[in-house]
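User: I would like to learn how to read a ligand site and its backbone oddities. Can you take me through one case?

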Amino acid sequence: MLNIVIFGAPGSGKGTQSARIVEMYGINHISTGDVLRAEIKAGTELGRTAKGYIDQGQLLPDELIIDILASTLDSFKESKGVIFDGFPRTIAQAEALKKMLAERSQEVSVMLDLDVPEEELMTRLIKRGQESGRADDNEETIKKRLVVYHSQTSPLIDWYKNEGKYQHIQGVGTMEDIFAEISEVINKI
Ligand code: AMP
């Protein structure tokens with residue numbers, strides 16, 4: 001089982017690289033952000049709740065997102081592994097993921113930290129907002145999301161270092177170069 005946490009600030013390329021990993025290694029993909037955007041589009045109650053947080057650049061409460069993650073994980077049958085994209089985002093979520101996987105006699109294989117400088121993140125996200133129209137990719141919300149990243153999410157770097165799972169990835173360069181570094185790491189697992 002290949003269980004990969006793809007980690008990084010908003011705009012670091014997690015979604016793009018996840019798609020390539022899925023294609024190459026045939027594992028399942030969970031993007032909590034994609035799940036929430038699908039709920040918003042479908043007009044569900046969860047979608048309405050999620051929208052309030054997303055539009056403010058804030059994280060959803062841990063219990064809520066952990067439940068969503070658990071039910072998505074259970075929907076995968078005969079999986080070769082999973083790439084977790086946008087989850088965990090807090091220490092409580094990382095602990096919940098560890099427990100969830102342990103209950104299935106599994107563990108995180110590696111945490112890939114896509115490292116991208118802050119100015120580059122801003123430029124990428126503003127461009128993405130113009131191209132995709134994603135509502136939270138506007139300058140004001142991006143700034144809030146980066147503050148949330150630094151205060152609530154980046155402590156996971158040390159958490160995964162302690163677990164012996166941390167792997168730094170240079171997140172700047174061509175998509176191919178970045179993927180080459182990622183696959184070199186995965187191929188050694
Ligand atoms: P993303 O597409 O991963 O950038 O997620 C977009 C937004 O969805 C985030 O800014 C949060 O509001 C919410 N979200 C996604 N994943 C999580 C998570 N693991 N914990 C809490 N909120 C999340």
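**Reading the pocket, the ligand and the backbone**

Analyst: Start with the elements that build the pocket wall. Strand 1 (2-7), helix 1 (14-25), strand 2 (28-31), helix 2, helix 6 (118-132), helix 7 (139-153) and helix 9 (175-187) each give at least two residues to the lining of the largest pocket. Keep in mind that this is a predicted model.

User: Which helix supplies the largest share of that lining?

Analyst: Helix 6, with six residues.

User: What volume does the largest pocket have, and which residues are closest to its centre?

Analyst: The volume is about 1100 Å³. The lining counts 49 residues, and Pro-10, Gly-11, Lys-14, Arg-128 and Arg-134 are the closest to the centre.

User: How does the lining divide by class?

Analyst: It has 19 polar, 17 nonpolar and 13 charged residues.

User: Now the ligand. Where does it sit?

Analyst: In the largest pocket. Next, look at the shell, the residues with a heavy atom within 4 Å of the ligand. There are 15 residues around the ligand. Those that come nearest are Thr-32, Arg-37, Gln-58, Gly-86 and Gln-93.

User: Which element gives the largest share of the shell, and how do the classes divide?

Analyst: Helix 2 (residues 32-42) gives the largest share, four residues. By class, the shell has six nonpolar, five polar and four charged residues.

User: Which polar atoms lie opposite the ligand's nitrogen and oxygen atoms?

Analyst: Use a cut-off of 3.5 Å between N or O atoms. A polar backbone atom of Gly-86 is 2.9 Å from a ligand nitrogen. Gln-93 has a polar side-chain atom 3.0 Å from a nitrogen atom of the ligand. Arg-134 places a polar side-chain atom 3.3 Å from a ligand oxygen. Arg-134 is also one of the residues closest to the centre of the largest pocket.

User: How much of the ligand's area does the protein bury?

Analyst: Alone, the ligand exposes 470 Å². The protein buries 96% of that.

User: On to the backbone. What should I look for?

Analyst: Look for exceptions, because most peptide bonds are trans and most residues other than glycine have a negative phi.

User: Which peptide bond is cis?

Analyst: The one from Phe-87 to Pro-88, with omega near 0 degrees. Pro-88 lies in the loop between strand 3 (81-85) and helix 5 (91-103).

User: Where is Glu-78, and what is its phi?

Analyst: Glu-78 lies in the loop between helix 4 (62-74) and strand 3. Its phi is near 45 degrees, a positive value in a residue other than glycine.

Note on methods: Residues are numbered from 1 along each chain as its sequence is written. This is a predicted model: local features need pLDDT of at least 70, side-chain atom pairs count only at pLDDT 80 or more; totals for chains, interfaces and linings use all residues. Side-chain values use heavy atoms; hydrogens and water are left out. A polar contact is a pair of N or O atoms within 3.5 Å; within protein, one must be able to donate a hydrogen and the other to accept it, and residues adjacent in sequence count only if both atoms are side-chain atoms. Accessible areas come from the Shrake-Rupley method with a 1.4 Å probe; for residues, only the protein chains shown count as cover. On a 1 Å grid over the protein atoms alone, a cavity is a set of points where a 1.4 Å probe fits but cannot get out, and a pocket is an open set with protein on both sides within 12 Å along at least five of seven lines; lining residues have an atom within 4 Å of a point. A molecule sits in a cavity or pocket if more than half of its atoms lie within 2 Å of its grid points. Ala, Val, Leu, Ile, Met, Phe, Trp, Tyr, Cys and Pro count as nonpolar, Asp, Glu, Lys and Arg as charged, and the others, Gly among them, as polar. Grid points are joined across faces, edges and corners, and a volume is the space filled by probe spheres set on the points.
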